Amino acid sequence: MSAMTVTSTNALMEQLYLKYQQKPWTETLKLVHFCMDKPLRCPVSNDPDSPLLLCMEKIQRTLNAKSLFSVMNRLESLSRQKGLNSHVSPSGTTCYITSDMFYIEVQLEKDGNVIDAKLAHLGEAPVICDDLVEHLRMKNYDAVGKILENLSNLYQIRGNSEMKAKGYLALQSLEKDLYSMSLLDRTQDVNRVTEVLHGKVGHLVLRTGGTPMNIEFYISPYQILEAELNPGSQVCGAKIDVTVEGTDMLHKLPLSPLLDSQPGEDGNPAFLPLTDELSMDLSAYFLLKFHQPIPMFSSSIEEIQRLTGIQITGLKLAPLYELIVQSTLKEKCSEDLFTHKSHFFVSLPDCPKHCYFINTGSAKPDLAGALVSKIPFTHPKCVPDVIEILRHQMAYNSLISSCVSEKHRNGVIIDVVTSREVQCSLHLNPRDPTLNSSDGFISRAVKRCMSVPVVMRAIFRNAAKVEAHSETQDMQVDTKQNPEPACEQIIDLNSLEESPSMAGHQDLVVTDKQSVPDSPKENLSTAKSETLGDNTEKSNPPVSMETSCRVEESTSTASTEAVMKDM
């Protein structure tokens, strides 16, 4: 049957080729435009991946929509793809994209340039949608399609239009509560990085048009240092979107803001009771949705489920290190890459090449994890605690991923106590020479960059300084007969000076050999290192890996060279 299909397809293509080979390309192009503009009398297939629909979509992408006709044609085609209706005004310069719950009005000039785009939800006045205007003017129709998809997803709730509108009202109530929480104990001069790392709900960006509200909750110190080396660049940390999604079960969702104007006795946000007047049972729940799934400890997932009272479905348990390695390689290589290899080579300037061995196939229950793409919940009060758990997990993942590269026996043990507290110790083979690096020195280095390879380079550099200092003292003994013993504490405390460029980010630099400060000295409420409790601290075991180094000429970016340049 498949052979007959291939034969008939080839025969058809041959007939088309013979029919149009004598005609000029201009006539063929006109025919294509005519066919794209002519509506289908009946749907060819309900399958969005049907060959004809895919072909039509490719043609639409290829055609550069410049004229008024082509822009209108592109918008109508995009609306059909997203299951929405569309029609053009009698004047021919306005396109309406509609559904039962919202509509979009796109105003165009006669030459096809976009004047404005407005969005109106059911029962609301239309408002200018800046993000939609920007994408339309840039002719970024993929982004326009994503906005239409996000708007449609807001109303994927079982029931009539009234029930769908209640779901949207619940989302608005949640957004107001989260925004109010972001303002608690916040000063006007608070910097964004501090807000990301210590704000009750991170750095919050309000929903605009079809772009959901998003929360930026973690930035690694290494990312901040790289941004400082490239002025004008934008630091982009880990983010989650806030939205609502339909379910098969009923959940009690608030229909008005619940945050009380007075904080609780413990200083944390207090909320009004979820009474029948303030809530409603809907076939929906709220979602914290990741842009890319993140690997999480199974124990952390269980803690989140306990906080929200809702099970996270669709999880497949696997060794956490394996998930971190896969996710990191996929991000760095921009492809879905899986490797069974557990050793990775990392090169840094002025440092021996590192080889890291990661036990990706560990069967220990406390090292099991899963990829999490979304977190369901029904009440705003659980969001700060969930974000704190996510920060802890991202700090752990950042350390492991720093050892992973697309290039395929000293041991460093790093215990990620919380996202703000890291404890380190160095273990050597008794037969190996000492490296003269205290645990405090290593902890400070890790806290500053959250990168194991950079920490290893700092250890080697520190050892070289101590060795050079000892040789100098030996020379003094020969000349003056007055030796002075080397002092490791001098090396440790002076080789990791706080960077002036980190002003306002004191939480990223360790100033004490034995501890890490909980938060910067600002009037922003910060989560203590004990926030996650004993269960979360015990759930994340120390990171253990072996390194073998051989001296080779290494190449890397200038940013990695500058991270520890004063060590």
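A salt bridge here is a side-chain nitrogen of Lys or Arg within 4 Å of a carboxyl oxygen of Asp or Glu. Keep that cut-off in mind for the opening stop, and remember throughout that you are looking at a predicted model.

**Stop 1: a salt bridge**

Select Arg 192 and Glu 216 and show their side chains. The two meet in a salt bridge, with 2.7 Å from N to O. Now colour the elements that carry them: Arg 192 sits in helix 8 (residues 192–198) and Glu 216 in strand 7, so that the pair links distant parts of the chain, 24 residues apart. How many salt bridges does the rule give? The count comes to nine.

**Stop 2: the six-stranded sheet**

Stay with strand 7 and widen the selection to its sheet. Six strands form an open sheet here, in the order 6-7-8-9-13-10, with antiparallel pairing. Which strands are at the edges? Strand 6 (203–205) and strand 10 (318–319) are the edge strands, and each pairs on one side only.

Next, pick out the middle of the sheet order for a closer look at the pairing. Strand 8 and strand 9 run antiparallel and are joined by 11 bridges. To see one position along this pairing, select Thr 243, which stands opposite Leu 287 in strand 9.

Then step over to the pairing of strand 9 (residues 279–297) with strand 13 (residues 368–377), which is also antiparallel and has eight bridges. Two residue pairs are handy markers here. Select Phe 286 and you will find its bridge partner in strand 13, Phe 377. Select Phe 297 and look across to Gly 369, which stands opposite in strand 13.

**Stop 3: a helix across the sheet**

Keep the sheet on screen and add residues 383–401, which make up helix 12. Which strands does helix 12 lie across? They are strand 7 (213–218), strand 8 (238–254), strand 9 and strand 13, and helix 12 runs at about 15 degrees to strand 9.

**Stop 4: the five-stranded sheet**

Move on to another open sheet, made of five strands in the order 1-2-3-4-5, again with antiparallel pairing. Strand 1 (85–88) and strand 5 (127–128) stand at its edges with a single partner strand each, so one side of each has no neighbour in the sheet. Zoom in on strand 1 and strand 2 (residues 94–98): four bridges join these antiparallel strands. One of the residues to click on is Asn 85, whose bridge partner in strand 2 is Thr 98.

Now bring in helix 6. This helix lies across strand 2, strand 3 (102–108) and strand 4 (114–121), running at about 155 degrees to strand 3.

**Stop 5: the neighbours of helix 6**

With helix 6 (residues 141–153) still selected, add helix 5 (residues 130–137); their axes come within 8 Å and cross at roughly 150 degrees. The two helices are therefore roughly antiparallel to each other, and their crossing is left-handed. Show side chains at the contact: Asp 131, Leu 132, His 135 and Leu 136 in helix 5 meet Tyr 141, Ala 143, Val 144 and Ile 147 in helix 6. By class, these are six nonpolar, one polar and one charged residues.

Swap helix 5 for helix 4 (residues 68–81). Helix 4 packs against helix 6 at an angle of about 40 degrees, with the axes 11 Å apart. That pair is therefore oblique, and the crossing is right-handed. Val 71, Arg 74, Leu 75 and Leu 78 of helix 4 make the contact with Tyr 141, Val 144, Gly 145 and Leu 148 of helix 6. This contact divides into six nonpolar, one polar and one charged residues.

**Stop 6: helix 9 and helix 13**

For the last stop, select helix 9 (residues 221–229) and helix 13 (residues 439–449). Their axes come within 5 Å and cross at roughly 65 degrees. Which residues meet? Pro 221, Tyr 222 and Leu 225 in helix 9 meet Lys 447, Arg 448 and Cys 449 in helix 13. Colour the contact by class and you will find four nonpolar, no polar and two charged residues.

How values were computed:
Residues numbered from 1 in each chain as written. Predicted model: local features only at pLDDT ≥ 70, side-chain atom pairs only at ≥ 80, totals over all residues. Heavy atoms only, no water. Axes fitted to C-alpha atoms, helices over the stretch in contact; angles between N-to-C directions. Parallel < 35°, antiparallel > 145°, perpendicular 65-115°, else oblique. Left-handed = near helix turned anticlockwise from the far one by under 90°. Contact = heavy atoms within 4.5 Å. Nonpolar A, V, L, I, M, F, W, Y, C, P; charged D, E, K, R; others polar. Pairing = 2+ DSSP bridges.
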